[in-house]
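Please look over the structure shown below together with its sequence. The report after it describes the strands, the helices and a pocket in turn.

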Amino acid sequence: MGATGATGNALLHRLLALGAPVRALTRTPHRPIPGVTDAHRPALEVRYADAADPASLRAAFEGASRLFLAMANGPAQVELETRAIDIAAQAGIGHVVKVSAPAAEPDSPVAVSRGHHAVEEHLRALGLSHTVLRPYAFMQNLLRLAPAVARGVLVGAMGEAPCNYVDCRDVGDVAAAVLTGPDVADGVHVLTGPEAVSHPELAHRISVLTGHRIRYVDLAPDELRDHLVRQAQMPAWLADHVTEIQQLAVARPEYPTDGIARVLGRPPRTLDAFLREHRDRFCR
Ligand SMILES: NC(=O)c1ccc[n+]([C@@H]2O[C@H](COP(=O)([O-])OP(=O)(O)OC[C@H]3O[C@@H](n4cnc5c(N)ncnc54)[C@H](OP(=O)(O)O)[C@@H]3O)[C@@H](O)[C@H]2O)c1
């Protein structure tokens, strides 16, 4: 699931490269899936599935052995994911790899993480074999900030707090390793890049890379939320989510883990490499 999304698409391309049989699910199978060309078509089955439509899930899961579950954040996320899990269990799917998030705890200060905890609990209660991936912030999120950064400003509410970033291609690689591995063991993998980087340091690195001075503007949490709703035109729930995550990074210092190296046997992709790869997006 989520074949058109950040992690699901990365996983899809890894599975195609490995030659693993894969069925890509999307609500819009008539639209191109990012990066998929006609050359991939013989190895790839694309099917319609909407987690809001149980019959579509039943049809899409038929004959499948393992499920990757990544779902867009939103008010119905817990309901949609638990439904997908129930139908996966009924369909005889033997293992689920679920994309969760840090601080997936019942009393987490981040509402989305409380939702992930509820879904993880559902998997545990059902007794379905599963692997939980808890990635920190995707480096790819930074591309959404690129237009403002190109104008010389990086806005946040994290002060000097270090923040973990992970390249979502590494999350896809970990998911592929688990899904194609001979033994799927239950487990939780906390996934980060090799270093935690503060917003002022991030602004500095992009300044050096682009040759343009990027100023970090540190706002109070309420100001950041207002800025995201008014300037970035985010929906209120998403502005709340971004603000909560930044507050969590302030309250709980972030440190890199060895989660990716333990599964893949290689170090994770670096933030500097990601910034170099997308340098033009951060330039005026
Ligand atoms: N972004 C981050 O930094 C970050 C960090 C840690 C954890 N996470 C977690 O990652 C998860 C999102 O994963 P992602 O970033 O890979 O996804 P994403 O890029 O947000 O894409 C969301 C995917 O969800 C699918 N989807 C949405 N509604 C659906 C429905 N009703 N039925 C079936 N599929 C549906 C979409 O598929 P179609 O539109 O093709 O149907 C799309 O492929 C979230 O739960 C988030 O909490 C994100």
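What follows is an account of two sheets, one pocket and several single residues.

This is a predicted model, in which local features need pLDDT of at least 70 and side-chain atom pairs count only at pLDDT 80 or more, while totals for chains, interfaces and linings use all residues. Residues are numbered from 1 along each chain as its sequence is written, and side-chain values use heavy atoms, with hydrogens and water left out.

## The four-stranded sheet

Four strands, in the order β3-β4-β5-β9, make up an open sheet with parallel pairing; helices (H or I, at least four residues) and strands (E, at least two) are DSSP runs numbered from the N terminus, and two strands pair if DSSP finds at least two bridges between them. The edge positions are taken by β3 (66–69) and β9 (187–191), each of which has a single partner strand, so one side of each is left without a neighbour in the sheet. On average, and with direction ignored, neighbouring strands of this sheet are turned by 15° against each other, where axes are lines fitted to C-alpha atoms (for helices over the stretch in contact) and angles run from 0 to 180 degrees between N-to-C directions.

Strand β5 (residues 130–135) is joined to β9 by five bridges, the two running parallel, and Arg134 stands opposite Val190 in β9. Four bridges link β4 to β5, again in parallel, with Val96 opposite His130 in β5. Strand β5 is mostly covered, since six of its six residues are buried (buried means under 20% relative accessible area, exposed over 50%, and partly exposed in between, with a 1.4 Å probe and protein chains only). From β5, His130, Val132 and Arg134 point one way, whereas Thr131, Leu133 and Pro135 point the other way, and all are buried.

Helix α6 (residues 168–180) lies across β3, β4 (95–99), β5 and β9, and runs at about 160° to β3. Glu120, which belongs to helix α4, counts as buried because its relative accessibility is 0%. Apart from neighbours within four places in sequence, Glu120 is in contact with Lys98, Ser100, Ala104, Val132 and Arg134, contact meaning heavy atoms within 4.5 Å.

## The three-stranded sheet and Pro194

A further open sheet, of three strands, has the order β6-β8-β10 and mixed pairing. Here β6 (137–138) and β10 stand at the edges with a single partner strand each, so one side of each is left without a neighbour in the sheet. Strand β8 (residues 163–166) and β10 run antiparallel and are joined by two bridges, and Cys163 stands opposite Val197 in β10.

Pro194 is found in the loop between β9 and β10 (196–197). The C-alpha atoms of Pro194 and Tyr165 are separated by 8.4 Å, although the two residues are 29 residues apart along the chain. Not counting residues up to four places away in sequence, Pro194 touches Pro256, Pro268, Arg269 and Thr270.

## The second largest pocket

The second largest pocket has a volume of about 530 Å³. It is lined by 24 residues, of which Leu15, Pro21, Val22, Arg23 and Arg66 lie nearest its centre. On a 1 Å grid over the protein atoms alone, a cavity is a set of points where a 1.4 Å probe fits but cannot get out, and a pocket is an open set with protein on both sides within 12 Å along at least five of seven lines, lining residues having an atom within 4 Å of a point. Grid points are joined across faces, edges and corners, and a volume is the space filled by probe spheres set on the points. Two or more residues of the lining of the second largest pocket come from each of α1 (6–18), β1 (22–26), α2 (54–61), β3 and α6.

## Residues in loops

The table sets out loop residues and their accessibility.

| Residue | Loop | Relative accessible area |
|---|---|---|
| Ala103 | between β4 and α4 (111–126) | 12%, buried |
| Pro194 | between β9 and β10 (196–197) | 39%, partly exposed |
| Gln233 | between α8 (221–230) and α9 (236–251) | 66%, exposed |

Phi of Ala103 is near 55°, a positive value in a residue other than glycine, and phi of Gln233 is likewise near 55°.
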